[in-house]
Amino acid sequence: MEKINILNTSIHNLTVQETLQNIEQIIENKQQIQHVVVNAGKIVAMQSDLQLRRSVNECDLINADGQAVVWASKVLGKPLKERVAGIDLMIELVKLAHHNNYKIFFFGAKETVVKEVVKKYSEEFSPKIIAGYRNGYFKKDEEQNIARQIADSGANILFVAISSPTKENFLFENKDLLKKVNFVMGVGGSFDVVSGKVKRAPIWMQKSGLEWFYRFAQEPKRMWKRYLVGNSKFIFLVFKEKFTKQK
């Protein structure tokens, strides 16, 4: 799989469909890979957080979740084929699990939220796709026991709905314990959207790269730093890299 590098971040140049095909092949072959998506905020954090950078770059499959990352790839002359939004990929994988009799473990978010996600997918597809679930609140010394619980659940797929960098570091540090799970993926706030707690932006805003603004408008006090400050830093870093290479 072709990789490009943007601001110290390796990204696979794949479409959504190509990503799904790779994941299905991995599961059918009983292999194990860790997946991660990157957006502008995460890439900015990776410039100074070396543990996060390592946790991301050593993943087996890395997609560009944010439209800003696709924009940056074009500015830097390394065009990505398209955005692979984590929540869209998760939804397609739930459908794939139902079709191929895979089992999924849902890990993260508040107890009420993750229960609602499991309830919704059980009703929409089948309870048979559910390997188990757990909320995302735990202490550091509980991590290994949680990883063992997930590994022993019989899950083919693990979705981790925990904020960065906690989820990336959890997956990196417990990779060996989770090796029985074929596909492991961090999904950020996707459980909140699936459960109905948070509304997702209209399609036109997603396609035009304004999904971040819709999210910011819903919770400005909590999201202003992530989006306004983070996006500004990202734009600065992209142009800095562009003009540095032109010299």
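Is Arg-83 buried or exposed, and what is its relative accessibility? Arg-83 counts as buried, with a relative accessibility of 18%. This briefing concerns a predicted model. It covers salt bridges, helix α4, a pocket and a cavity.

**Salt bridges between distant parts of the chain**

- Across the whole structure, a search finds 14 salt bridges.
- One of them joins Arg-83 to Asp-65, with the closest N and O atoms 4.0 Å apart. This pair links distant parts of the chain, as its partners are 18 residues apart. Arg-83 belongs to the loop between α4 (67-75) and α5 (86-100), and Asp-65 to the loop between β4 (61-64) and α4.
- Asp-65 has a relative accessible area of 15%; this value is under 20%, and therefore Asp-65 is buried. Arg-83, at 18%, is likewise classed as buried.
- A salt bridge also brings together the side chains of Arg-200 and Asp-88, at 2.6 Å from N to O. The two residues are 112 residues apart and again link distant parts of the chain. Arg-200 is found in the loop between α9 (190-195) and α10 (203-207), whereas Asp-88 is in helix α5.
- Arg-200 is partly exposed, at 22% relative accessibility. Asp-88 is also partly exposed, at 31%.

**A salt bridge within helix α5, and a network**

- Lys-95 and Glu-92 form a salt bridge in which the closest N and O atoms are 3.3 Å apart.
- Both residues lie in helix α5, where a separation of 3 residues corresponds to about one turn of the helix.
- Lys-95 has a relative accessible area of 40% and is partly exposed. Glu-92 is partly exposed as well, at 30% relative accessibility.
- Elsewhere, Lys-42, Lys-167 and Glu-168 are joined into one network by salt bridges that share partners.

**Helix α4**

- The buried residues of α4 are Val-69, Val-70, Ala-72, Ser-73 and Val-75.
- Gly-77, just after α4, adopts a positive phi of about 75°.

**The second largest pocket**

- The second largest pocket holds about 220 Å³ of space.
- Its lining includes two residues already met in the salt bridges, Arg-83 and Asp-88. The other lining residues are Val-16, Gln-67, Glu-82, Val-84, Ala-85, Ile-203, Gln-206 and Lys-207.
- Helix α10 provides the largest share of this lining, with 3 residues.
- Sorted by class, the lining of the second largest pocket comprises 4 nonpolar, 2 polar and 4 charged residues.

**The cavity**

- The structure contains 1 cavity of 30 Å³ or more. The space in the largest cavity amounts to about 40 Å³.
- Residues lining the largest cavity include Gln-34, His-35, Val-36, Ser-55 and Cys-59. Also in the lining are Lys-167, Glu-168, Leu-171, Phe-172 and Gly-186.
- Lys-167 and Glu-168 therefore appear both in this lining and in the salt-bridge network, where a side-chain nitrogen of Lys or Arg is within 4 Å of a carboxyl oxygen of Asp or Glu.
- At least two residues of the lining come from each of β3 (33-38) and α8 (166-173). The most is given by α8, which contributes 4 residues.
- By class, the lining of the largest cavity divides into 4 nonpolar, 4 polar and 2 charged residues.

Definitions and conventions:
Residues are numbered from 1 along each chain as its sequence is written. This is a predicted model: local features need pLDDT of at least 70, side-chain atom pairs count only at pLDDT 80 or more; totals for chains, interfaces and linings use all residues. Side-chain values use heavy atoms; hydrogens and water are left out. Buried means under 20% relative accessible area, exposed over 50%, partly exposed in between (1.4 Å probe, protein chains only). On a 1 Å grid over the protein atoms alone, a cavity is a set of points where a 1.4 Å probe fits but cannot get out, and a pocket is an open set with protein on both sides within 12 Å along at least five of seven lines; lining residues have an atom within 4 Å of a point. Grid points are joined across faces, edges and corners, and a volume is the space filled by probe spheres set on the points. Ala, Val, Leu, Ile, Met, Phe, Trp, Tyr, Cys and Pro count as nonpolar, Asp, Glu, Lys and Arg as charged, and the others, Gly among them, as polar.
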